[in-house]
Amino acid sequence: MRTIARGAEALVSSAKFLDMDAIIKSRLPKSYRDAELDSSLRNARSRKEARLLREARLAGVRTPYVYDVDTHDASITMEFIVGPKIRDVLANDMPDARVVCENIGRALAKLHSKGISHGDLTTSNMILEGEEVCLIDFSLGNMPASEEDLGVDIHLLRRAFMSAHSEVAELFDSLISSYLSHNPGGKAVLAKADEIQKRGRYT
Ligand SMILES: Nc1ncnc2c1ncn2[C@@H]1O[C@H](COP(=O)(O)OP(=O)(O)O)[C@@H](O)[C@H]1O
Ligand SMILES: [Mg+2]
């Protein structure tokens with residue numbers, strides 16, 4: 001096992017599942033919480049994330065296959081997605097940047113049309129697999145999502161494009177056009193995202 005990432009909530013390591021390359025994402029214990037409560041919270045979050053990864057897949061969005069959910073250590077074993085994070089490759093001079101952004105818009109449209117929100121939609125939580133966009137890290141997602149949840153997704157993504165990807169800000173327009181053409185309820189979500197931006201906060 002090799003550590004790939006350690007965030008505030010989870011440890012991600014590479015592993016094998018049967019003979020396949022896999023990722024194990026385990027939620028770290030928080031010692032300030034009562035042990036029993038901590039264990040049930042971490043397990044509930046892992047189960048929720050696994051459920052959303054699966055629901056998103058059923059909605060036609062590329063997500064890692066969930067191989068196993070272990071309630072002993074609140075971990076998910078899932079498919080290892082090979083490819084760079086969108087954050088690290090998205091640039092104006094990248095060949096097919098527009099196609100990639102359209103694919104992000106279409107994936108998000110499919111997700112939202114099924115009433116699923118992602119909750120932490122930044123380009124660090126997207127892996128480019130060929131030209132396909134794979135969404136990961138659904139721990140803050142919801143299903144059924146409220147209109148506010150969906151608006152937050154668009155708001156966070158717009159913010160990521162405008163800051164981290166200022167040189168590609170105009171690509172966001174291609175993303176949104178694609179989103180709107182694949183999601184009949186998209187206009188209302190965009191209006192919500194604008195409202196959230198005006199409020200200056202998103203929770
Ligand atoms: N299925 C996967 N395939 C390949 N890399 C992954 C996978 N899941 C997570 N990672 C890597 O681990 C990092 C952290 O995982 P993530 O689910 O985003 O957890 P966190 O909640 O800590 O952000 C990701 O940014 C990515 O680099
Ligand atoms: Mg993440």
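The largest nonpolar core in this predicted model comprises 42 residues, and Leu157 and Phe161 are those with the most contacts inside it. Two or more residues come from each of the following elements: helix H1 (35–58), strand E5 (75–79), helix H3 (97–113), strand E6 (126–129), strand E7 (132–135), helix H4 (147–163), helix H5 (171–182) and helix H6 (186–199). Helix H3 gives the most, with eight residues. The core also draws on both domains, taking at least three residues from each of domain 1 (2–79) and domain 2 (86–199). In general, nonpolar side chains tend to be buried together in soluble globular proteins.

The contacts of Leu157 can be listed individually. Leaving aside residues up to four places away in sequence, Leu157 touches Ile104, Leu108, Leu121, Met126, Phe172 and Leu175.

**Aromatic pairs**

A search of the whole structure finds two aromatic pairs, set out below.

| Pair | Geometry | Centre to centre | Angle between planes |
|---|---|---|---|
| Phe17 and Tyr67 | stacked | 4.9 Å | 10° |
| Phe161 and Phe172 | tilted | 5.4 Å | 50° |

Phe17 belongs to strand E2 (residues 10–17) and Tyr67 to strand E4 (residues 66–70), so their pairing ties together parts that are 50 residues apart in sequence. Phe17 has a relative accessibility of 24% and therefore counts as partly exposed. Tyr67 is likewise partly exposed, its relative accessible area being 23%.

The pair of Phe161 and Phe172 links helix H4, which holds Phe161, to helix H5, which holds Phe172; the two residues are eleven residues apart. Phe161 is buried, at 0% relative accessible area, and Phe172 is buried as well, at 4%. Both residues also figure in the description of the core: Phe161 is one of the residues with the most contacts inside it, while Phe172 is among the residues that Leu157 touches.

**Charge over a ring**

A further aromatic ring, that of Tyr65, has the charged end of Arg57 sitting over it, 3.6 Å from the ring centre.

**Magnesium site**

The magnesium ion (ligand 2) has as its protein donors Asn125, through OD1, and Asp137, through OD, which lie 2.1 to 2.2 Å from the ion. These donors come from distant parts of the chain: Asn125 is in the loop between H3 and E6, and Asp137 is in the loop between E7 and H4, twelve residues apart. Asn125 and Asp137 are both buried. The elements that flank these two loops, H3, E6, E7 and H4, are among those that give two or more residues to the nonpolar core.

Note on methods. Residues numbered from 1 in each chain as written. Chains lettered and ligands numbered in written order. Predicted model: local features only at pLDDT ≥ 70, side-chain atom pairs only at ≥ 80, totals over all residues. Heavy atoms only, no water. Core = buried A, V, L, I, M, F, W, Y, C linked by side-chain atoms within 4.5 Å. Buried < 20%, exposed > 50% of the residue type's maximum accessible area, 1.4 Å probe, protein only. Helix = DSSP H or I, 4+ residues; strand = E, 2+ residues; numbered from the N terminus. Domains from an automatic or database assignment. Contact = heavy atoms within 4.5 Å. Donors = N, O, S within 2.8 Å, 3.2 Å for Na, K, Ca; no water. Phe/Tyr/Trp six-rings, centres within 6.5 Å; stacked < 30°, edge-to-face > 60°. Lys NZ or Arg CZ within 6 Å of the ring centre and 35° of its normal.
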